[in-house]
Each structure stands twice: as structure tokens, then as C-alpha cells.
Amino acid sequence: MKRFEMTKSYSMKKRLALSAIAFSSVGVLLAGCSGAGGGAQQADGPVTLTLATVNNPQMKDMEELKGAFEDSHPDITVNFVAMEENDLRDAVTKDVATQGGQYDIVTVGSYEVPIWGQNDWLVDLGPLAEADTAYNVDDLLPPVREALTVDDSLFAVPFYGESSFLMYNKDMFAAAGLEMPTNPTWDEVAGFARTLNTDDVAGICLRGKPGWGELFAPLTTVVQTFGGSWFDEDWNAEVNSPEFTEAVQFYTDLVKDAGEADPVSTGFTECLNLFSQGNAAMWYDATSAAGPIEADGSAVAGKIGYVHAPVKETEESGWLWAWNLAIPKTSNNQDAAWEFVSWATSTEYINLVGTTLGWERVPPGSRTSTYENPEYLAAASAFAPITKDIMLGVNPTQPGVNPQPWVGIQYVTVPEFQDLGNQVSQDIADVFAGRDTVENVLNKGQELAQQAGDAQK
Amino acid sequence: MTAPDLIVAEPAHDPAPAASRTLRRPPKPELSAGQKKALRLARTLVWPAIVVAILVTQIPFLVTIYYSFQNWNLMRPGSRGFAGFDNYVTVFTGGAFMQSLSATVVITGSSIVLSVLFGLGIALLLNRKFFGQGLARTLVITPFLMMPAAAALIFKWSMLDANVGMVNWGLSILGVDPVQWNTDFPALTVIMVLTWQYTPFMMLILLAGLQSQSKETLEAASVDGAGPIRSFLHMTLPHLRQYIELAVLLGGIMLLQVFDPIAIMTRGTGGTKTLSYLLYERAFVGLEIGEAAAYGVITVLLTIIVASVALRLLFKIFSSEGAKS
């Protein structure tokens, strides 16, 4: 009996020990997992910064030139994690929102900067920038700086910025005996488009691909210059207002009559393709499109005229977008991060790009001094002066006819907007296809917008 | 605990001489103390595997269930909290769910039916000896080996582009006006891509079925005077029954998760917002983690129901037909 008990207790112990081994090995596994996402070390000695960025050409230039920074800052190494725009948004939002601490510097669009700033996720760069006299913070383009500032805190600094303008094929206009004014109205543009539209050439290319950053970037500027807006001053939705409806009706009719074929497939890239092959007479889109259009390999280089965004009720209707560098509060290397951020957004960096990579590759739209640099103006004479005019002319605090409770032009700076814009733009795809009417779609949009508006009250 | 018990019991009494006696149903053998000890050790050794299995398979789902009861928007860190059944109410009253469910059924269903039909046709053609049979088979399989995103991009830019697409060019030769595929026929566009990709998969399974059919039976049928159509309908098709079932089942599981062609080509417009795309939108565009989790839980439940009820029903129809022959 005694012996039996001994055996039992012995085997119990063995069993427990084995179980313990099993659990502890699982524990090690779990610890390994949490270690992988862990934060960076404290900033003593050599520091490695992780920078999350979008894989645009300007950012690739930054990565190419980071050696110059590392040479002058031997203690700091910068690792680039480049992603496609949507992936970047997902990855960085998740990391910052869940306090992951994976990145020391993040590339943030101007839509997210105020939202993240208000969530207390980003370091206020204002005091750092002002303390650094060489940085010359007042040189940042005023509308861009305004869009990145919440309650006097500057939560990010612009790496490059853009507005929107109308591009037109001068050869086609000359052949048809048409003349483009410097400040065209949408009615004039619609007239030109319908005249120039043929079976082979679209009168105008306008984005139709669903997405708040695709279709609704140009369309929101049209809505605003038609006198409409997503919300009034008290966050009441105005999506089915007569002005909003008229603007969407105008836009979809213009695309159906004289726009590109298959609008739902057509976003920035598709329009660029069409326009640079000479298959569209006009294109209303980002000022950053001018670079690739004038580049070698474009069939229309040198043949393109650039004028202000078409208007109806307002003076200026360009949008405002910037890719900015910001430092998340979760970073343990904030000082070193600011060293890099201030270098990458400085006049010195712009000159470095100009002298080593060529002046046409300078990141535009971030600093006033860029547009006073004779070498840049010579390299980008076709579009640089007008880009500067538009970027200084737009007003992100009140882009439309009526005052609005947010700062931003082609988007509404609230977390709910990307969802709202995405859903309404998907329904507008049904209008392009003739499956639904503008009134119906915007009545549905009004309900969604009201929910988003109520969340702000 | 019963399942692992059975598994460990196996090696413990297998070498015992008692088990070698031919009994229709061996009674539970009496175990000696030593055997019991060995059994206990064996059971203990299984523990790590069970723990890992539970962790790996069930924890993600349990966490999803937990999230589905949370009010959590990634962009509003302050407002996180317990939401009760709010997210489930949103799922069922929002209207997006039923639309998405029907989109999923239409797209998955028609893609499976079409690819089984095309796959059967191609399998019948390939199931005969001819010069270059191996090469032909490899060529036909290629679409299935392609990454889904790459396939969607090829269709978007090379095949269905309104200006330079090959399909519209082909139609123009026939005198048909250019078609705006994504704008006017979004669901059809996605079904086309999926059918193109999954036909080879169905073909492979059905070809395996055809090659396992005995030549003697078919010969006997033709001696008895059955023509090729009759022997196909009454001999080959019943023989292929279980292969078709397997193809439909596997195809259904894979196609339910389809995401790439929708994200790349139609962006969820015009009845192409399948459940997986809707889920992605709720989580990454809406940033509503709780709501997306609720959609996820409902989708899992639905998939289980569909897999167990509908497929069993479908198989019953097939088996009763098969039983006749």
C-alpha cells in the first residue's frame, strides 16, 4: 500500500514536472513573440532609428541620401521601412494606436496629422523647430504649416506637399482653336471637354476609382467650389444639399459624356497613363503629376499647359496634401529622431537633392525658399511658379463658400471620414454605371455622414 | 480528454499478446501497473502538443470573440470599452451584411459552377493519349499557379482595360463597342478572373477521377451498345461524383476567402463586396476593430453552418443519384 502510494506520488511529481516543462516552453514562445514587437533602446551611445515611409520616388531619394546624414551624425543609423501608401497607413496606425513603439519616425499624411495630434500620439515639434534657428520654421509654406498645426502645436513637418491643378494638352487645344484661360471655370472646362472628346481621346480624365483619397480628392474640391460641403459649422451633414448634389451630378455627367472609359477603374495612376500617352485632352489632378508628365519617356513632355484648378463659386479650388515626418510619443529616441527629421526637411537637404540627384527631383511644396531657388525654377519652369501660386492661394481653414469646423480641403479631418468617403464613393460607382441616381446615393450618404457628424458633437 | 486517451492507448496495448487474438470487438484489456504507468507517461507526453494545439487554433478565435464585444475604434483611443451586443446589432441592422452575403454567394457560387464545368470539359479533353499531353497539362495548370494579386493585375491592365485591353480589342474585331468592364459589369469581372484561376484546380481533381476509371467498364459499356454520351452520363459522371464533391468543397473553401481581385479591380463596387472584403473595410478603412470582429465571428459561424448543413445536403443528392447506377 505504502509502496503504491510512493509510486503514485513519484509519478505525480514526474507528471507535474513534465507539464511544467510544457508550459514553460509555451511561455518562452510567448515571450519571444512579445520581444519581436518590443521598443527601441534608450538613447545612449549609438542609436538606430526606424523610419516608416511611403514608397514614393521622393522618399526613395531620401533613403539614397541618408548616408550624408549618417556621416555627419556618426552615432545615428537610420533604417527605412518603405511601404505602399495603404499599407503604411494600416501599419503605422496600428503601431501608434496600440502603442507598439516600433517606429521612431513615421511618415504621415496631412489628413492624419491633426487627428493623431489630438489623440496625443505625436511629439509637438513646434518648440524643437523654433529653438533651432538654422531650421527656419517660418520658411515652411504657410497653408501646409496651418494644416499640420492643432491648437498652436506643430505635430509634423512637411517633407513634400502638393495641390491640384488642371493640365491640358496644348497641341489639342491649338488644333481645335481653343484657348485655356489661366483661371478657368468648371463650365468652361466642361465645354472644352465635350468639344475635344472623340472616340480615341477623352475630353478630360477625372478620377472615378472608389476611395476617399481617390475619387473624393478631386470631387470634394468640386463640391466646395460649387458651394457645398460635407458638414456645416455645427457638424450637421450636408451631403444631400442642392449644392453637393449639383456638384456630383456635374462631375458624373462630365465623366460619362466626355471623360475616360471605365471610370471605376480609373485613379491617379490610370489617368497619368492615359494623359501621358496623349489619350486625354485635359486632366485635373495633383500638382505632383507634373514631374512624371515632363519626364523622359512621356509622349506629351513639353506639350502640356498648367492652369489653376477650375472654379465655380470660389476664387481658388486646389486641394492641399503633404507627406510629413512626425515622431510618435512611443519613440525612445526622440532627440535623435528630431535630428534626422530636421535634416530631411531642411533647406540644406533640398539643396543636397538638387546638387546630387538633379533639381527636378527636389521634394516640392514644403518650403517657400524652394520657389525662390533659381536653379529649381529653371529646372521646373513649366509648373513650379503656378504650383507656388496655388499652394499659397489655397485656404485650408475655409476652402469652400461657408465656414467649416475642421482644417483641410479635400477631406474632413475626423477619424470617421475615410470610412464615410469610401462608402459614398463606392455608391457613386453605381452612378457611373447607371445603376443608381445621384439623389439616391447622396441620400444614403447623408445618413452615414450624419452618424459621423454626431460623433463630433 | 477522450480523443487523446484513445490515441495514447493504441501503442500501449498494441504489442500485448491479448490484442492479437481475433475478436470482433476486443474488450477493454486489464492493464498491469507497469502498463498503467507507461500509459500515464504517454498521456503526459501528449500534453504539450494539446496545449499548443489549443493555443494555436482557438486563441485567435477567442480573442476575436472578446474584441467583438468591445467598442474600439483605432483612431479614438479614449473611447474603448465594453459594448455589449452593439456591434452585433450594427452587423444585422446596418444592411451591409445581407448585401455582402448575397454578393459572396453569387460570386463564389457562379465561379465554382463555371470552373467545375470548364474544368470537366478540359479534363475530358486531356484524358486521352495524344502527342504533347504532358506539355498541354502543364500549360493548362498555369493560371492556378499564379499569385491571385498578379492574376488580378493582369486582368485589370492587360485583359480588361477599356483602352488597351485585349478583350475589348478582340470584341472590336467582332464589331462590338468597347465594354467598361469594372464600371458596368463588376461582378462578372470578378467571376471571370476567379473562373480563369480555378478552372485548372477543378480540372486537376476531375482528371485524377477520370484516370482512375477502369477502361474495361467503358469497353464493356460500348460492347453493350452505349454511345459516348450515354456512357459519359451513366458511367463516367456517377464515377466522378465524389471527385466533383471534393472539388466543390475545396473550391468553396478557397473562394470564400477571395480578396485580391476585389481589392485590385472593383473595390467592392456593384455587388462585389464579399464578406472578406467587407471585413477588411470595417477593420482597415473604418478602423472599427469591434465591429470587424463581430463580422468575423458571424462569418465563421455561417461558414460552419454552410459547411456542415448545405454540403451534407448537396452530397445526399449526389449520393442518391450515384446509388441508382
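Okay, let me open with a question: among contacts in chain A between residues at least 6 apart in sequence, what percentage join residues at least 24 apart? Have a think about that while I remind you that what you're looking at is a predicted model.

Right, the answer is 75%. Now let's put some elements around that number. In chain A you'll find 18 helices along with 10 strands. Chain A runs to 457 residues, and 50% of them count as buried. If you're setting up a box, the C-alpha trace of chain A spans about 110 × 55 × 45 Å along its principal axes.

Next up, how chain A is carved into domains. Domain 1 takes in 47-162 + 321-379, and domain 2 takes in 164-319 + 414-454. So where do those two sit relative to each other? Their C-alpha centres are 29 Å apart. As for who actually touches whom, domain 1 of chain A puts 4 residues into the contact, and domain 2 of chain A puts in 6 residues. On the domain 1 side of that contact, you've got 2 nonpolar residues and 2 charged ones, with no polar residues.

Okay, over to chain B. Here we have 15 helices and 2 strands. Chain B has 325 residues, with 28% of them counted as buried. And what about the sequence separation of contacts in chain B? Taking those with a separation of 6 or more, 70% come from residues 24 or more positions apart.

To recap the burial numbers, that's 50% for chain A and 28% for chain B. That's it from me.

Key. Residues are numbered from 1 along each chain as its sequence is written. Chains are lettered from A and ligands numbered from 1 in the order in which they are written. This is a predicted model: local features need pLDDT of at least 70, side-chain atom pairs count only at pLDDT 80 or more; totals for chains, interfaces and linings use all residues. Helices (H or I, at least four residues) and strands (E, at least two) are DSSP runs, numbered from the N terminus. A residue is buried if 20 or more other C-beta atoms lie within 10 Å of its own, exposed if 12 or fewer, and partly exposed in between; C-beta atoms are placed from the backbone. Two residues are in contact if their C-beta atoms, placed from the backbone, lie within 7 Å. Domain bounds come from an automatic or database domain assignment. Ala, Val, Leu, Ile, Met, Phe, Trp, Tyr, Cys and Pro count as nonpolar, Asp, Glu, Lys and Arg as charged, and the others, Gly among them, as polar.
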